[in-house]
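Hi,

Here is the structure you asked about. My notes follow below it.

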Amino acid sequence: MFHTKNIQYFVLDKVDIFIFDCDGVIWRGDSLIPGIPETLEKLRQAGKKCFFVTNNSTKSRAGYKKKFDGLGLDSVPAEEIFSSSFAAAAYLEQTKFKETGKKAYVIGEIGICQELDLIGVPYIGGPDDEGKQPNMGSGGRLEIDEDVGAVIVGFDRHINYYKIQYAQLAINEHDAQFIATNLDAVTHLTDAQEWAGNGSMVGAIKGCTGQEPVVVGKPSPLMIDYLEDKYGMDRSRICMVGDRLDTDVLFGTDNGLQSLLVLSGVTSEEKLLSPENAITPDFYADTINDFFVSSPVQSESS
């Protein structure tokens, strides 16, 4: 593993395609990390292909395109953006879920719903169940739709007991598939602090069902398999760049990619170099702006 203040040699000679995480790499919350537009433009000028893969499911691909545009990154086309909401829909499409005639129950926000609309998979829940409360009085019960064949759990700022109970009934009593967009422990809702991530929502459903979900976001191979099939990529020439060891770096190492950890997000250098950490990137840097820092400083660490 190398820490370097100048990885231009690595960038230009060993990598053709970069897959960037977004939160903690391109932006924090709703704030763009300084220098990012210039760095992305330099990479494109160097002939590098860029993709942006986020585990955040609150927006669809179209929704993330609006966010990129709003942050001044309007040169990023929609086809370069992949969210875990898209990955959930892609998984259902690959497994021919629509042909079962079943519907999905969504714990999550509008991004998942919009992606399901695009592939014609019916769903219930999502924002429509915000604020609902089950009848928990004497003899109270929650009736659910028996046609629910999958429960998709994504990040949900309006998670409630109604949604948790609906999901556990669908999974425990009707054998619905349990699908998680990601297992991120924390997330960047704002640039002021870390917030509990989708792992907390998924953990609630795991706790009451005793089941492990199918995970469609990073580090699952689903999105890299999709990109490889669509674009005919050589995995050995792809670098995954992210701020998380257990999702971004693991996504790279588990799927035959090169990996670069940046310290601009949730992972500190202390945590990376801790003896307790078993996940090692090929490289790490302060931010992706270090790709083009003029003074080379490189040191090897074990």
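Leaving aside neighbours within four places in sequence, Asp 248 is in contact (heavy atoms within 4.5 Å) with Asp 21, Lys 218, Met 240, Gly 242 and Asp 243. The side chain of Asp 248 also makes a polar contact with the side chain of Lys 218, at 2.7 Å. For a polar contact, N or O atoms lie within 3.5 Å, one able to donate a hydrogen and the other to accept it; residues adjacent in sequence count only if both atoms are side-chain atoms. Asp 248 sits in helix H9, residues 245-254. Its relative accessibility is 1%, so Asp 248 counts as buried (under 20% relative accessible area, 1.4 Å probe, protein chains only).

This is a predicted model: local features need pLDDT of at least 70, side-chain atom pairs need 80 or more, and totals for chains, interfaces and linings use all residues. Numbering starts from 1 along each chain as its sequence is written, and side-chain values use heavy atoms, without hydrogens or water.

Now strand S2, residues 17-20 (helices are DSSP runs of H or I, at least four residues; strands are runs of E, at least two; both are numbered from the N terminus). Both faces of S2 are covered. Ile 17 and Ile 19 are buried on one side, Phe 18 and Phe 20 on the other. S2 pairs in the parallel sense with S5 (residues 49-54) over four bridges; pairing takes at least two DSSP bridges. Ile 19 has Phe 51 as its bridge partner in S5. S2 also pairs with S14 (residues 238-242), again parallel, over four bridges. There, Phe 20 stands opposite Val 241.

Best wishes

Notes:
Buried < 20%, exposed > 50% of the residue type's maximum accessible area, 1.4 Å probe, protein only.
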